[in-house]
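This briefing walks through one chain, topic by topic. Keep the sequence and the structure open while reading.

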Amino acid sequence: MGKGKSLSEGVIKNIVLSYTYVAIWIFLSFTVIVYNKYILDKKMYAWPFPVSLTMIHMSFCSALAFLLIKVFKFVEPVSMSRDTYLRSVVPIGALYSLSLWLSNSAYIYLSVSFIQMLKALMPVAVYSIGVLFKKEGFKSETMVNMLSISFGVAIAAYGEARFDVWGVVLQLGAVAFEATRLVMIQILLTSKGITLNPITSLYYVAPCCLAFLFVPWIVVEFPVLRDTSTFHFDFLIFGTNSFCAFALNLAVFLLVGKTSALTMNVAGVVKDWLLIAFSWSVIKDTVTPVNLFGYGIAFLGVAYYNHAKLQALKAKEAQKTAQQIDEESGRLLEDREGNEGGGRKNEPED
């Protein structure tokens, strides 16, 4: 009875920890999105410089990752050759910089709620690019599901009260670059057996992002910032904002490491609904019934996609377990036959 009780307590503890990791990730992701919106929106903090904001994040994350790895030895660095860095990390860094730049830029033109609705297209982009690079097999059923998500997002866009073409282009570009980055991680790093947790990922990728962002910053934003004599760098605002961005990366590590990437996808759907509710009730963004109807269709499509991924994962695990059992049975049978053969060989002759 004591054993059953301890088992029950262990299960409860794991459930509580899992929900804690989910809550931390949702809170930090929610905070970073709203904080970035606050800084960039012309009606709030009114500092519409997305490249500069992204560079501040990358500078802070690079410095903190360097300290955690090289000074405090909190995380072991990943051994990586120069060739691997140039061929794998640099392209991923370029895609990441473009994704962050465009997604932050979209907050200047679009509401938080509508951006979350457009982000529902992420599975569509990841699957399409995966098929293009032959990392995913084309399936008619999955493609119908992708079309249903796209149809739902299109309805949500049709019902958007503050529709801005340039903002939509920026956010769709961010989704496309982020999806390509995720597929490239699978192709360039995972295929080579290289796994990066968020700290080592920032250690290698953040400086690369910083270098790529420097070019558009010099051309687009630096001249404006130079001529804006009224601006003074607010260490409290940008420091806490950058720390939240870094903490979000650690939360991703905890959530995926202690649960699964699928849990993060499901938690992401909950976060999107919370952000839509927050955007409507607190920021006072207009959310129309057509918005919600369209996003509801997209939400059902994303939920089905996650369910299908979970079923495929379970089937793969079951197949792997069955294969291990067959191999173990085969070894036992061989050992038994070997023992019987040896026993007959050692029997005394008449």
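The expected span of a helix is 1.5 Å times one less than its number of residues. Helix α6 (residues 140-158) has 19 residues, so it should span 27 Å, and its end C-alpha atoms are indeed 27 Å apart. The model is predicted.

**Overall make-up**

- The chain has 11 helices and zero strands.
- In sequence order, its pattern reads α-α-α-α-α-α-α-α-α-α-α.
- The chain has 350 residues, and 41% of them count as buried.
- Among contacts with a separation of 6 or more, 84% come from residues 24 or more positions apart.

**Helix geometry**

- Helix α2 has 22 residues and should span 32 Å at 1.5 Å a residue; its end C-alpha atoms are 31 Å apart, which agrees.
- Helix α3 (residues 82-109) has 28 residues and reaches 40 Å from its first C-alpha to its last. That is close to the 40 Å expected at 1.5 Å a residue.
- Where does α3 bend? The bend is at Val89, by about 35°. A proline, Pro91, follows within four residues.
- The buried residues of α6 include Thr142, Asn145 and Met146. Ile149, Gly152 and Val153 are also buried residues of α6, as are Ile155, Ala156 and Ala157.

**Nonpolar cores**

- The largest nonpolar core has 76 residues. Those with the most contacts inside it are Ile39, Trp47, Met58, Phe114 and Met117.
- Which helix gives the most to this core? Helix α8 (residues 198-227) does, with 10 residues.
- Apart from this core lies another, of 12 residues. Its members include Tyr21, Leu28, Ala247 and Leu255.
- Met58 touches Tyr96, Leu100, Ala206, Cys209, Leu210 and Leu213, not counting residues up to four places away in sequence.

**Thr54, a polar residue in α2**

- Thr54 is found in helix α2 (residues 50-71).
- Is Thr54 buried or exposed? Its relative accessibility is 1%, so Thr54 counts as buried.
- The side chain of Thr54 makes a polar contact of 2.9 Å with the side chain of Asn104.
- Leaving out residues up to four places away in sequence, Thr54 touches Leu100, Trp101, Asn104 and Leu213.

**Cysteines**

- How many disulfides does a search of the whole structure find? The search finds zero.
- A disulfide is a covalent bond between the sulfur atoms of two cysteines.
- The cut-off for a disulfide is a pair of cysteine sulfur atoms within 2.5 Å. For Cys61, the closest cysteine sulfur is in Cys209, 9.7 Å away, and so too far for a bond.
- Cys61 is buried, with a relative accessible area of 1%.
- Cys244 is buried too, because its relative accessible area is 14% and the cut-off for buried is under 20%.

**Loops and positive phi**

- Lys73 is found in the loop between α2 and α3. Just after α2, Lys73 takes a positive phi of about 55°.
- Lys73 is a residue other than glycine. At 58% relative accessibility, Lys73 counts as exposed.
- Ser81 is found in the loop between α2 and α3. Ser81 is partly exposed, with a relative accessible area of 39%.
- The side chains of Ser81 and Thr84 are joined by a polar contact of 2.8 Å.
- Lys284 sits in the loop between α10 (261-281) and α11 (289-345). Phi of Lys284 is near 70°, a positive value in a residue other than glycine.
- Lys284 is exposed, with a relative accessible area of 62%.

**Ile187 in α7**

- Ile187 lies in helix α7 (residues 165-189).
- Ile187 is partly exposed, because its relative accessible area is 23% and partly exposed runs between the 20% and 50% cut-offs.
- How far apart in space are Ile187 and Ser88? The two are 8.9 Å apart, C-alpha to C-alpha, and 99 residues apart in sequence.
- Ile187 is in contact with Phe133 and Lys135, leaving aside its neighbours within four places in sequence.

Conventions
Residues are numbered from 1 along each chain as its sequence is written. This is a predicted model: local features need pLDDT of at least 70, side-chain atom pairs count only at pLDDT 80 or more; totals for chains, interfaces and linings use all residues. Side-chain values use heavy atoms; hydrogens and water are left out. Helices (H or I, at least four residues) and strands (E, at least two) are DSSP runs, numbered from the N terminus. Buried means under 20% relative accessible area, exposed over 50%, partly exposed in between (1.4 Å probe, protein chains only). A polar contact is a pair of N or O atoms within 3.5 Å; within protein, one must be able to donate a hydrogen and the other to accept it, and residues adjacent in sequence count only if both atoms are side-chain atoms. Contact means heavy atoms within 4.5 Å. A nonpolar core is a set of buried Ala, Val, Leu, Ile, Met, Phe, Trp, Tyr and Cys residues joined through side-chain atoms within 4.5 Å. The bend at a residue is the angle between axes fitted to the seven residues ending there and the seven starting there.
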